[in-house]
Each structure stands twice: as structure tokens, then as C-alpha cells.
Amino acid sequence: GRFEGLPVVRGLTGSALLGGAAAQLECTVYARHPAGDHLIIIGEVVGGAVSDADAQPLVYHRGAYTRLSP
């Protein structure tokens with residue numbers, strides 16, 4: 001699979017979180033809202049962590065991954 005071989009840790013709710021990520025947010029479902037052929041899910045953050053202050057964020061813009069300029 002897409003995440004095969006990556007380190008996984010379990011969060012407060014038992015959710016699988018990618019170990020070594022720059023940041024992690026763990027949410028529970030707060031609300032669900034139907035919107036046409038989609039379902040919008042609103043999450044309530046119940047836990048989180050930041051692993052490294054020097055880590056660069058993952059930025060996806062205009063169809064490609066990029067970096068932020070200093």
C-alpha cells in the first residue's frame with residue numbers, strides 16, 4: 001500500500017499516525033454535513049504533537065509539492 005514500510009504509532013483514540021511526521025493532529029468526528037454528492041466532516045482536535053521545530057512543512061500547490069521560502 002501507499003504507506004507500507006512507514007513507521008506507525010497509535011494515538012489517543014487508537015488511530016494510526018505516521019511516526020516521524022513534523023506534526024500530528026488527531027481528531028474525532030464532531031459533525032457530518034451532506035453537500036451534494038460529498039460529505040463534509042468536521043473534526044474536533046483531541047490530541048496533537050510537534051516532533052521537530054526545524055522540520056519543513058509539506059506544501060502542495062498548483063498540482064505539485066514545493067517548499068516555503070525562508
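**Exercise 1. Place V8 in this predicted model: in which strand does V8 lie, is V8 buried, partly exposed or exposed, and which residues form a nonpolar patch on the surface?**

Solution. Begin with the accessibility of V8, whose relative value is 46%. Since buried requires under 20% and exposed requires over 50%, V8 counts as partly exposed. Next, the secondary structure places V8 in strand β1, which covers residues 8-10. Finally, turning to the surface, V8 joins F3, L6 and L18 in a nonpolar patch, and these residues together have about 350 Å² of accessible area.

**Exercise 2. Describe the surroundings of V9: which strand holds V9, and with which residues is V9 in contact once neighbours within four places in sequence are left aside?**

Solution. V9 is placed in strand β1, and with a relative accessibility of 40% it counts as partly exposed. Leaving aside the neighbours within four places in sequence, the contacts of V9 are S15, A16, L17, G19 and Q24. A C-alpha distance adds to this picture, for V9 and G20 are 11 residues apart in sequence and 9.3 Å apart in space.

**Exercise 3. Follow the contact from V9 to Q24: where does Q24 lie, and what does the side chain of Q24 reach at 2.8 Å?**

Solution. Q24 lies in strand β3. The side chain of Q24 reaches the backbone oxygen of L18 at a distance of 2.8 Å, and L18 also belongs to the nonpolar patch of the opening exercise. With neighbours within four places in sequence left aside, Q24 is in contact with V9, L17, L18, G19, G47, G48 and A49.

**Exercise 4. Analyse the charged residue E26: which side chain of opposite charge is nearest, and which side chain is joined to that of E26 by a polar contact of 2.4 Å?**

Solution. E26 is located in strand β3, residues 23-35. Although E26 is buried, it has no salt bridge, and the nearest side chain of opposite charge is that of R10, 8.4 Å away. The cut-off for a salt bridge is 4 Å between a side-chain nitrogen of Lys or Arg and a carboxyl oxygen of Asp or Glu. A polar contact of 2.4 Å does, however, join the side chains of E26 and T13. Beyond the neighbours within four places in sequence, the contacts of E26 include G11, L12, T13 and G14, as well as E44, V45, V46 and G47.

**Exercise 5. Examine G47: is G47 buried or exposed, and which residues does G47 contact beyond its neighbours within four places in sequence?**

Solution. G47 has a relative accessibility of 18% and therefore counts as buried. Its place is in strand β4, residues 38-50. Apart from neighbours within four places in sequence, G47 is in contact with L12, Q24, L25 and E26. Between G47 and C27, which are 20 residues apart in sequence, the C-alpha to C-alpha distance is 7.0 Å.

**Exercise 6. Compare two loop residues: in which loops are P57 and R62 found, and what value is phi of R62 near?**

Solution. P57 is found in the loop between β4 and β5, and with a relative accessible area of 43% it is partly exposed. The C-alpha atoms of P57 and A21 are separated by 9.5 Å, while the two residues are 36 residues apart along the chain. R62 is found in the loop between β5 and β6, and its relative accessible area of 78% makes it exposed. Phi of R62 is near 55°, a positive value in a residue other than glycine. Most residues other than glycine have a negative phi.

Terms used: Residues numbered from 1 in each chain as written. Predicted model: local features only at pLDDT ≥ 70, side-chain atom pairs only at ≥ 80, totals over all residues. Heavy atoms only, no water. Patch = residues over 30% accessible without salt bridge, like charges linked within 9 Å, V, L, I, M, F, W, Y side chains within 5 Å. Areas by Shrake-Rupley, 256 points an atom, 1.4 Å probe, with all protein chains shown as cover. Helix = DSSP H or I, 4+ residues; strand = E, 2+ residues; numbered from the N terminus. Buried < 20%, exposed > 50% of the residue type's maximum accessible area, 1.4 Å probe, protein only. Lys, Arg positive; Asp, Glu negative; His and termini not counted. Polar contact = N/O pair within 3.5 Å; in protein donor to acceptor, adjacent residues only side chain to side chain. Contact = heavy atoms within 4.5 Å.
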